[in-house]
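Please look through the protein shown below and work through the questions that follow it, taking each answer one step at a time.

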Amino acid sequence: LQTLAHQRVAIRRLPAWHFDLDTARRTLCEQFGVRDLSGFGAGALTAALGAAGALLHYAQSTQGARLPHLQTLRVEAPADFVRIDPATRRNLEISETLRGEAAPTLLSLLDTSLTAMGSRMLRRWLHSPLRDRVVLAHRHAAIADLLDAQVPLRQCLSRFADIERIAARIALSNVRPRELAALRDSVAALPALVQTLEARSAPRLRLLADSMIEPAVAARGPARNVAEEPLRLLVEQLAAEPKALVRDGGVIAEGFDAELDELRALQSGADRFLLELEASERSRTGIATLRVEFNRVHGFFIEVSQAQSNRVPDDYRRRQTTKNSERYITPALKAFEDRYLSANERAGARERALFDALLERLRPFVAVLQGVAETLAELDVLATFAERARTLDWSAPRFVEESVIEITAGRHPIVEQGLDTFVANDCRLDPSRRLLLITGPNMGGKSTYMRQTALIVLLAQVGAFVPARSACIGPVDQIFTRIGAADDLAGGRSTFMVEMTEAANILHNATAHSLVLMDEIGRGTSTFDGLALAWAIARHLAREVGSHTLFSTHYFELTRLAEELPAVANVHLDAVEHAERIVFLHAVNEGPASQSYGLQVAQLAGVPASVIRAARARLHELEQQSVSAGETPDLFRPRASTNVARTIDPATDAAPAAHAVLKLLGSVDPDRLSARDALDLVYRLAALVREIKPYDQH
């Protein structure tokens, strides 16, 4: 709910009685036409049934009718999926960026699906990675088969409409004629798709192809398309190119209904009758400009200009006067109008009835169409994975039973698309190094390195190929992330409180098979508190939990954990300084980083040069104090005297002059000095130095 509120999505809270267990059981049993829910494996569930019943009741209320296309219930156990909590979904930017935008995300990168059904299934797969390695292996084998054979599967899939949505609209009786035409053309394309898949050896592709073919029955002969009967109905009854709406007519095929054909013939004969009437009336009246017209408001009429109105016969009856003409009706024209309008209304009613009858005959096949739609969606996702693997140079991951995550030349799938050159990095997590302490400069690539590892694992568990030269992945049950800084003002939680809440969730729920990403933990509080918390959390994850952990930090003191705990290892991302500039290498190396390069990054961000110089001077003093005192200095302690000032004997009169030198130097901005100003400054400094005694000048 907090996520939806952040996205400014309207939230409707249902009353508690909607979740009543007995009411939910009764609602669900009525929906599926059963006495109890044991057949679905849901008989012993309580909270889940209450939620399902409330959801079904809400859907029925929004549609104002029953939902006959919802014909089954499927129970999913948490152990079937890799758990991803809301914070992790947000931080990994699976389908939405941290700023709430739709792109660029993992979904936007992968979604080259050719059908709306495939696009929806792709989203579901990305948010529900599997733990069943048999299913994942079949998906990987199918992708490899599609890659090796260069199968034109995507060309076939491009011919299919959104059968899933159309089937639902048939069940709800609100489908449009052109949607049925799209369904007809899609079902007609199934044999070509099956033929394309027949030569494939991957078990999953063969199974999907077989699911679209109905087994042979002795009384019926050879196997045929599972949707052949709906196709026959649509071909027989639906016009080749129907109008958009039933009320516009032209929806039912000609020759299907004799009564409708007769009414249509009467309608189509109107044009010929009007032309003949117009010719005969011009001849009878001698008015060459006379016209016979029709509009929906006034029906049929004979139009004569005002100048010729005195020549009309006596049997003409005035129907309407306009600015420049008179409109008349005759007994013969009135009789035809009555027959025509009656035929028009009767044809519309007949066509509506025939269309409704067609929907009634199609409704029993909704479940069949839904099965076809699910098969097509999976084929579309697998073909999309194959296309992405070929285009983006991804490789097949390998699953092992050992507790290990070993990635060679891994890349961030989204970040690399925006760079000319992406530096690939390895990642190795195994029982001997379960926690990697990652140090290095800001903007050096620590977060990218962590996220790419999680995304590679996620893609492997979805059944896709991965952006790496190779990936060997052991059992993974959960993926956790604690990345970024954000508060929850509506919930009354500070940035640090959000950080600690997410950390607590990880510490309580992570296992030895979990992948944990912790970025800059402890930075929301004082230095000592944050350092202590970061040390304790890292130590707990390494010793007590034993999860595969990537732990990014700027607390260099934490790197000593590698000396205390054998399961901890240090890695860092390098940077070099060149001409007072910093160059990020983005390469991960073993061992801790030597420095943080915080001032250099601040300079890149545009912090004023005077602030950078002041910070550099203060940093030097703090480092000197730390060395001399052997402890972390108090950043808010009054500034100590400089070395130059300490060389002056306070008892002498040279001290004020020395301080004047320092004050003058401190007020100068070298970047803004002109040549003349610099020369003046040298003279002023020389004058001040002469006031200091000779031994003080040293």
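Q: In this predicted model, how far apart are the N and O atoms in the salt bridge of Glu-293 and Arg-291?
A: Glu-293 has a relative accessible area of 28%, so it is partly exposed, and Arg-291, at 37% relative accessibility, also counts as partly exposed. The side chains of these two residues meet in a salt bridge, and the distance from N to O is 3.6 Å.

Q: Which residue forms a salt bridge with Glu-590, and is that residue buried or exposed?
A: Glu-590 forms its salt bridge with Arg-433, where the closest N and O atoms are 3.3 Å apart. The pair links distant parts of the chain, since Glu-590 lies in strand β17 while Arg-433 lies in the loop between β10 (425-429) and β11 (435-439), 157 residues away. Glu-590 counts as exposed because its relative accessibility is 53%. The partner has a relative accessible area of 9%, which is under the 20% that marks a buried residue, so the answer is Arg-433, and it is buried.

Q: Which residues are joined into one network by salt bridges that share partners?
A: A search of the whole structure finds 30 salt bridges, and one of them is the pair of Glu-293 and Arg-291. Salt bridges that share partners join this pair with two further residues, and the network is made of Arg-291, Glu-293, Glu-303 and Arg-327.

Q: How many residues apart along the chain are Glu-259 and Arg-350?
A: The side chains of Glu-259 and Arg-350 meet in a salt bridge of 3.8 Å from N to O. Glu-259 belongs to helix α14 (residues 258-285) and Arg-350 to helix α15 (residues 331-362), so that the pair links distant parts of the chain. Glu-259 counts as partly exposed because its relative accessibility is 40%, and Arg-350 counts as partly exposed at 27%. Along the chain, the two residues are separated by 91 residues.

Q: What is the distance between the C-alpha atoms of Phe-551 and Met-518?
A: Phe-551 is found in strand β15 (residues 548-552), and it is buried because its relative accessible area is 0%. Leaving aside neighbours within four places in sequence, the residues in contact with Phe-551 include Leu-435, Ile-438, Met-518 and Ala-534. Although Phe-551 and Met-518 are 33 residues apart along the chain, their C-alpha atoms are separated by 4.8 Å.

Q: How far apart are the end C-alpha atoms of helix α19?
A: Helix α19 covers residues 527-545, and its 19 residues, at 1.5 Å a residue, should span 27 Å. The buried residues in α19 include Ala-534, Ile-537 and Ala-538, which are also among the contacts of Phe-551. Just after α19, Gly-546 takes a positive phi of about 75°. The distance between the end C-alpha atoms agrees with the expected span, and its value is 26 Å.

Q: Is Gln-237 buried or exposed?
A: Gln-237 has its place in helix α13 (residues 228-237). Beyond its neighbours within four places in sequence, Gln-237 is in contact with several residues, among them Val-251, Phe-256, Leu-354 and Arg-361. Because its relative accessibility is 2%, Gln-237 counts as buried.

Q: What is the area of the nonpolar surface patch made by Val-576, Val-583 and Leu-585?
A: Val-583 is found in strand β17 (residues 581-590), and it counts as partly exposed because its relative accessibility is 38%. Together with Val-576 and Leu-585, Val-583 makes a nonpolar surface patch of about 210 Å².

Definitions and conventions: Residues are numbered from 1 along each chain as its sequence is written. This is a predicted model: local features need pLDDT of at least 70, side-chain atom pairs count only at pLDDT 80 or more; totals for chains, interfaces and linings use all residues. Side-chain values use heavy atoms; hydrogens and water are left out. Patches are made of residues with over 30% relative accessible area and no salt bridge: like charges are joined within 9 Å, nonpolar side chains (Val, Leu, Ile, Met, Phe, Trp, Tyr) within 5 Å. Accessible areas come from the Shrake-Rupley method with a 1.4 Å probe; for residues, only the protein chains shown count as cover. A salt bridge is a side-chain nitrogen of Lys or Arg within 4 Å of a carboxyl oxygen of Asp or Glu. Helices (H or I, at least four residues) and strands (E, at least two) are DSSP runs, numbered from the N terminus. Buried means under 20% relative accessible area, exposed over 50%, partly exposed in between (1.4 Å probe, protein chains only). Contact means heavy atoms within 4.5 Å. The expected span of a helix is 1.5 Å times one less than its number of residues.
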